[in-house]
Structures are given as C-alpha cells and as structure tokens.
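Reader: I would like a close look at a single part of this model, namely its charged side-chain pairs and the framework that holds them. Please take it slowly and define the terms as you go.

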Amino acid sequence: MTIRILATLGPSSLNKDTVKRMAEKGAWLFRINLSHTSLENVEDIIQKIQSWTDVPICLDSEGAQVRNKDMVSENVYYKEGETVKIHHDTVVGDSKNITFTPENVSKQLKVGDEIRVDFNSVSFRIVEDKKNFILASVKTGGYVGCNKAADVNRNLKLKAVTKKDKAAFEIGLSMGVKYFSLSFTNSANDVREIRKIIGPETNLISKIESIRGVLNLGEILPIVDQILIDRGDLSREISIEKIPFIQRKIISRARASETPVFVDL
C-alpha cells in the first residue's frame, strides 16, 4: 500500500521554510482551499509555491457548499429567540443580519426551513419571507465567524462548480497546475461538469463529504482519479458514531474499483 500526503497550505504555513520542510517530509500535493482563498490571491499563491518547491499544487474547489459571508468579527453572538435578517444581497453580518453564499441560497429558503452554521454552533429557523430578506428566529444561540460552513435540513439546488472555482481553475491551468479536487461531489454529473473546465488530462480528486456522494459512489468512482473522504463534513449529515463504518465501506468499494483513497486527518 502506497501512502501519499495531501497537505493543505493556509496563512500559517504558506511560507518558504514551512513548505520546504513539508516537501522534505514527503508531501505529495500542496492543496489550496478555494473556500478560504480570495480569487485575487490565487495567482500569487501559485507563483510562490512553484518558486519554493517542485511538489505539485492541487486547487480545491468551493463546490456545492453553503457558507455565511463576512462578519463584523470572528465572534458574532446570536442569542436564542432573537430575530435575524438573512439578506439576499451581501451585507456584513452582525448579531441581527447575515448573508449566505452561493447567492441563490437565500431565495430558495422557505418558512420552516432550518439552517445550521459551523457544525451546529448556531441554528436558525425561517419564520417569514420578505422582499429583500428572510426573517429567521435563532433556534440555537452561539458564536459565528466569517465563512463558516452551513447546511439546510433539505436538499437545495447548488452548482457543483462556482463562478469563483471556474475562474481559479482557469488561472491554475494557465500556470501549469495539473491537480484539482471537487468538493461535495454528489454525482457523476458533477464530475462531468468539472471535466469540461479542467479537461481530460488533469488529475481529479472527488471529495466524498455528503450522503448523496456516498449513495452515488458507484457512478463516481469509475470517472475520477482519486477520492477523498472528508469525515468532518460527513459528520454533519451522518451521526459521528457511524462514520467509521461508512469510511470502511467507501474504502472497500474504492479498492474494488482500484481507485486510490485519501482520508482527512
């Protein structure tokens, strides 16, 4: 069995010394998480990494993921029972206001829907639909920072590849990047959509981090190069005590199809 390390680079590790040490320790790929990287910085980050090491870069898409946008601080408190406006247009979030991305998410919400933010740190229940915003009641109080993952208690229509993903991938391709990963791969159609952008000769890692991805694994495995099991995001939809069982099942099916598997640590 070959062990390969896919190492994520962030603000604290994106420097020459750290990257070189990680390369020496056997990093196989350096991952850039587009969910936490502005499009304006993608080219500069790729240039820096390429100047420091020969280890390939992997651009990891935002994918079909709901997130809240910018907040006035990293510790905005929402009090249980209070009313909050979920805006259709972008606003800086505070204890009374919040915006979610992708842009079409808020307009899909209906009265009675529940939104859980940052692994249930805070949850909202939709109570009224207005013209420019939706009113929600804080069901579970707590703190929320910028750009935290969120999920809704039913399936919404989310594009597999965002406009930002597409623009970032095109930058990467122009700079020689050959490795890409698709977050929240839910179906074979998601894979085909990203292939239209990155082409057939690149290496594609599909991230399995939703129930739909698990259920559609049979159609995903034959058309990707590797998969990655994101246990953290899976635990938002599957109870945590079931994750080891699901992980073993995914790995078993991937091995049967001779598809390499990454497991997040």
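How many salt bridges does the count come to by the rule you apply?

Author: This is a predicted model, in which local features need pLDDT of at least 70 and side-chain atom pairs count only at pLDDT 80 or more, while totals for chains, interfaces and linings use all residues. Residues are numbered from 1 along each chain as its sequence is written, and side-chain values use heavy atoms, with hydrogens and water left out.

The count comes to 16 salt bridges, a salt bridge being a side-chain nitrogen of Lys or Arg within 4 Å of a carboxyl oxygen of Asp or Glu. One of them joins the side chains of Arg 31 and Asp 60, at 2.6 Å from N to O. This pair links distant parts of the chain, since Arg 31 lies in strand 2 (residues 27-33) and Asp 60 in strand 3 (residues 57-60), 29 residues apart; helices (H or I, at least four residues) and strands (E, at least two) are DSSP runs, numbered from the N terminus. Arg 31 counts as buried at 15% relative accessibility, and Asp 60 is buried as well, with a relative accessible area of 0%. Here buried means under 20% relative accessible area, exposed over 50%, and partly exposed in between, with a 1.4 Å probe and protein chains only.

Strands 2 and 3 belong to an open sheet of seven strands in the order 1-2-3-13-14-15-16, with parallel pairing; two strands pair if DSSP finds at least two bridges between them. The edge strands of this sheet are strand 1 (5-8) and strand 16 (261-263), each of which pairs on one side only. Beside Asp 60 in the sequence, Leu 59 is listed among the residues with the most contacts inside the largest nonpolar core, which has 43 residues. Such a core is a set of buried Ala, Val, Leu, Ile, Met, Phe, Trp, Tyr and Cys residues joined through side-chain atoms within 4.5 Å. Not counting residues up to four places away in sequence, Leu 59 touches nine residues, among them Ile 32, Ile 46 and Phe 169, where contact means heavy atoms within 4.5 Å.

A second pair is formed by the side chains of Lys 69 and Glu 103, at 3.4 Å from N to O. These two also come from distant parts of the chain, 34 residues apart: Lys 69 is in the loop between strand 4 (66-68) and strand 5 (76-78), and Glu 103 in the loop between strand 7 (97-101) and helix 3 (105-108). Glu 103 is exposed, with a relative accessible area of 52%. Strands 4 and 7 stand next to each other in a barrel that seven strands close in the order 4-7-6-10-9-8-12, with mixed pairing.

A third pair, Lys 166 and Glu 170, meets at 2.6 Å from N to O. Because these residues are four residues apart in helix 4, they are separated by about one helical turn. An α-helix has 3.6 residues a turn, so residues three or four places apart point the same way. Lys 166 is partly exposed, at 39% relative accessible area, and Glu 170 counts as partly exposed at 40%. Helix 4 (163-174) is also among the elements that cover the buried residues of helix 5.

Finally, Arg 116, Asp 151, Asp 233 and Arg 236 are linked in a network of salt bridges. Arg 116 falls within strand 8 (residues 114-117), which pairs with strand 9 in the antiparallel sense over four bridges.
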